[in-house]
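Work through the exercises below with the sequence and the model side by side. Try each task before you read its solution.

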Amino acid sequence: ILGGNRTLAISNAKSGQVAILELIQDGTGSRTVTWFVGPALTVTMTIATPGVVTSGQDIPTGTPVVFTTTGALPTGLSASTTYWWTRVSSTTGNVSTSLANCQAGTLIATSGSQSGVHTMKTAIRWASQTAPTLTTGKFLGDVINIYIKDAAAGVYEGLIAVQGI
């Protein structure tokens with residue numbers, strides 16, 4: 001039962017596991033959740049058209065990713081912004097500004113200079129392409145399934161199983 005707005009976390013995840021979450025609103029209703037992200041992967045970036053990101057993990061095309069840095073990202077990328085991954089090889093990829101651009105092959109060119117250590121976290125790949133909005137009614141709930149496809153890379157797939165129960 002959601003006794004307030006919550007940030008969800010996952011720990012000790014193993015590839016192939018499925019988590020089934022039943023999230024029920026309390027007597028106030030309209031509670032929200034912030035969904036977990038994958039582990040921080042240290043990445044390297046090659047300035048190019050399109051820019052190349054080496055992650056060391058095999059991440060599927062269409063996975064949302066977010067970058068952080070201790071310095072400066074290459075021009076074309078911003079920290080704390082969601083991008084969509086396009087797989088180039090088992091350890092490299094490019095990114096797009098939207099899932100539609102990812103699917104169309106419209107990739108971000110990077111330029112300028114960069115500094116610091118760059119990290120990337122993956123977000124849940126929702127079947128609906130966006131994180132679900134929970135049922136807001138008092139004492140109503142939703143059942144959410146999360147498939148842990150690759151725990152090391154942080155590749156999670158989410159599906160709304162039932163809403164408004």
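**Exercise 1. The overall plan**

How many helices and strands does the protein have? Then put them in order and describe the whole chain.

Solution. Remember that this is a predicted model.
- Step 1: Count the elements. The protein has 1 helix and 12 strands.
- Step 2: Read from the N terminus. The order is β-β-β-β-β-β-β-β-α-β-β-β-β.
- Step 3: Box the C-alpha atoms along the principal axes. The box is roughly 55 × 30 × 30 Å.
- Step 4: Look at burial. Of the 165 residues, 38% are buried.
- Step 5: Check the contacts with a separation of 6 or more. Residues 24 or more positions apart account for 68% of them.
- Step 6: Look at the surface. The accessible area is about 8,100 Å², and carbon and sulfur atoms hold 53% of it.
- Step 7: Count the charges. There are 8 positive and 6 negative side chains, with the centres of the two sets 5 Å apart.

**Exercise 2. Aromatic pairs**

Find how the rings of Trp35 and Trp126 are arranged, and which parts they tie together.

Solution.
- Step 1: Start with the total. The protein has 3 aromatic pairs.
- Step 2: Take the ring geometry. The centres of Trp35 and Trp126 are 4.9 Å apart and the planes stand at 65°, so this pair is edge-to-face. The cut-off for that class is over 60 degrees.
- Step 3: Place both residues. Trp35 is in the loop between strand 3 and strand 4, and Trp126 is in strand 10, so the pair links parts 91 residues apart in sequence.
- Step 4: Check burial against the cut-off of under 20%. Trp35 has 13% relative accessibility, so Trp35 is buried. Trp126 has 10%, so Trp126 is buried.
- Step 5: Go on to Phe36 and Tyr156. Their pair is edge-to-face, with 5.1 Å between centres and 85° between planes.
- Step 6: Place this pair. Phe36 is in the loop between strand 3 and strand 4 and Tyr156 is in strand 12, so parts 120 residues apart in sequence are tied together. Both Phe36 and Tyr156 are buried.

**Exercise 3. Arg31 and Ser115**

Is Arg31 buried or exposed? Compare the surroundings of Arg31 with those of Ser115.

Solution.
- Step 1: Locate Arg31. This residue lies in the loop between strand 2 and strand 3.
- Step 2: Use the accessibility. Arg31 has 19%, so Arg31 counts as buried.
- Step 3: List partners beyond four places in sequence. Those of Arg31 include Leu2, Asn5 and Leu134. Its side chain also makes a polar contact of 2.8 Å with the side chain of Asp26.
- Step 4: Turn to Ser115, in the loop between helix 1 and strand 9. Its value is 38%, so Ser115 is partly exposed.
- Step 5: List its partners beyond four places. They are Thr69, Gly71 and Ala72.
- Step 6: Compare sequence with space. Ser115 and Leu134 are 19 residues apart along the chain, while their C-alpha atoms are separated by 40 Å.

**Exercise 4. Backbone exceptions**

Which peptide bond is cis, and where do Asn12 and Phe139 lie?

Solution.
- Step 1: Recall the rule. Most residues other than glycine have a negative phi, and most peptide bonds are trans.
- Step 2: Find the cis bond. The bond from Thr49 to Pro50 is cis, with omega near -5°. Pro50 is in the loop between strand 4 and strand 5.
- Step 3: Take Asn12. Its phi is positive, about 55°. Asn12 sits in the loop between strand 1 and strand 2. Its relative accessibility is 65%, so Asn12 is exposed.
- Step 4: Take Phe139. Its phi is positive, about 65°. Phe139 sits in the loop between strand 10 and strand 11. Its relative accessible area is 58%, so Phe139 is exposed.

Conventions
Residues are numbered from 1 along each chain as its sequence is written. This is a predicted model: local features need pLDDT of at least 70, side-chain atom pairs count only at pLDDT 80 or more; totals for chains, interfaces and linings use all residues. Side-chain values use heavy atoms; hydrogens and water are left out. Helices (H or I, at least four residues) and strands (E, at least two) are DSSP runs, numbered from the N terminus. Buried means under 20% relative accessible area, exposed over 50%, partly exposed in between (1.4 Å probe, protein chains only). Contact means heavy atoms within 4.5 Å. Accessible areas come from the Shrake-Rupley method with a 1.4 Å probe; for residues, only the protein chains shown count as cover. Lys and Arg count as positive and Asp and Glu as negative; His and the chain ends are not counted. The place of a charge is taken as NZ of Lys, CZ of Arg, CG of Asp or CD of Glu. Rings of Phe, Tyr and Trp (its six-membered ring) pair if their centres lie within 6.5 Å; planes under 30 degrees apart count as stacked, over 60 as edge-to-face and the rest as tilted. A polar contact is a pair of N or O atoms within 3.5 Å; within protein, one must be able to donate a hydrogen and the other to accept it, and residues adjacent in sequence count only if both atoms are side-chain atoms.
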